[in-house]
Amino acid sequence: MQAGEEARARAAASQRGDQDAQLERMQEQAQKQKEMEEQKRVMVRQVLEPEALERLHRVGLVKPEKQMQIEGVILNMVQSGPRRGASARTPSSSCPPIMFSCLFAST
């Protein structure tokens with residue numbers, strides 16, 4: 001009878017260990033997600049003029065999914081670099097802030 005109890009205790013301890021590991025992985029993922037969101041906010045702040053940033057925040061109050069969509073478009077534009085015929089400056093270092101009023105026209 002003791003052998004059976006020991007086996008159950010080991011199985012329970014193993015299950016708790018698995019649950020702890022899963023919880024730790026979930027916490028790490030949540031932390032990474034927060035860091036990515038903060039990095040995204042910083043990048044958006046760097047490229048938008050204050051008026052555009054204010055409008056984006058107002059859009060987010062009413063339609064958070066629309067704000068996320070617009071931020072994604074902005075970040076894609078920044079990451080894709082200058083268009084054909086544009087100067088060879090890198091977006092992160094020397095491009096001036098951008099006024100994305102055309103993105104907000106439909107809101």
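## Close-up views of a predicted helical model

**View 1. Glu6 and Arg10 share helix H1, where four residues, about one turn of the helix, lie between one position and the other.** The model shown here and in the views below is a predicted one. Glu6 pairs with Arg10 in a salt bridge whose closest N and O atoms are 3.8 Å apart. Why can residues spaced like this point the same way? An α-helix has 3.6 residues a turn, so residues three or four places apart point the same way. As for their surroundings, Glu6 is partly exposed, at 45% relative accessibility, while Arg10 counts as exposed, at 55%. This is one place to start looking at the salt bridges, of which the structure holds six.

**View 2. Helix H1 is followed here from end to end.** H1 covers residues 2-47, which makes 46 residues in the helix. From first C-alpha to last, H1 reaches 68 Å, close to the 68 Å expected at 1.5 Å a residue. Which residues of H1 are buried? They are Lys40, Val44 and Val47. Those buried residues pack against two partners, helix H2 (50-62) and H3.

**View 3. Arg45 and Glu38 form another salt bridge, with the closest N and O atoms 3.8 Å apart.** Is each partner buried, partly exposed or exposed? Arg45 is partly exposed, with 45% relative accessibility. Glu38 is also in the partly exposed class, at 37%.

**View 4. Glu37, Lys40 and Glu71 are joined in a network of salt bridges.** Within this network, the side chains of Lys40 and Glu37 meet at 3.6 Å, N to O. Both of these residues belong to helix H1 and sit three residues apart, about one turn of the helix. Glu37 is partly exposed, its relative accessible area being 27%. Lys40, in contrast, counts as buried because its relative accessibility is 15%, under the 20% cut-off.

The remaining member, Glu71, is found in helix H3. Is Glu71 buried or exposed? Glu71 is buried, with a relative accessible area of 9%. Leaving aside residues up to four places away in sequence, Glu71 touches Lys40, Val44 and Leu56.

**View 5. Helices H1 and H3 cross at roughly 70°, with axes that come within 10 Å.** That angle makes H1 roughly perpendicular to H3, where H3 spans residues 64-80. Which residues meet across this crossing? H1 brings Lys40, Met43, Val44 and Val47, and H3 brings Glu71, Ile74, Leu75, Val78 and Gln79. Sorted by class, the residues of this contact are six nonpolar, one polar and two charged. Look again for Lys40 and Glu71 here, since both also belong to the salt-bridge network with Glu37.

**View 6. Helices H2 and H3 cross at roughly 140°, and their axes come within 5 Å.** With that angle, H2 is oblique to H3. On the H2 side the contact is made by Leu56, His57, Val59, Gly60 and Val62, and on the H3 side by Pro64, Lys66, Gln67, Ile70 and Glu71. By class, this contact of H2 with H3 has five nonpolar, three polar and two charged residues. Glu71 appears once more, and Leu56 is one of the residues Glu71 touches.

Methods
Residues numbered from 1 in each chain as written. Predicted model: local features only at pLDDT ≥ 70, side-chain atom pairs only at ≥ 80, totals over all residues. Heavy atoms only, no water. Axes fitted to C-alpha atoms, helices over the stretch in contact; angles between N-to-C directions. Helix = DSSP H or I, 4+ residues; strand = E, 2+ residues; numbered from the N terminus. Parallel < 35°, antiparallel > 145°, perpendicular 65-115°, else oblique. Contact = heavy atoms within 4.5 Å. Nonpolar A, V, L, I, M, F, W, Y, C, P; charged D, E, K, R; others polar. Expected span 1.5 Å × (residues − 1). Buried < 20%, exposed > 50% of the residue type's maximum accessible area, 1.4 Å probe, protein only. Salt bridge = Lys/Arg side-chain N within 4 Å of Asp/Glu carboxyl O.
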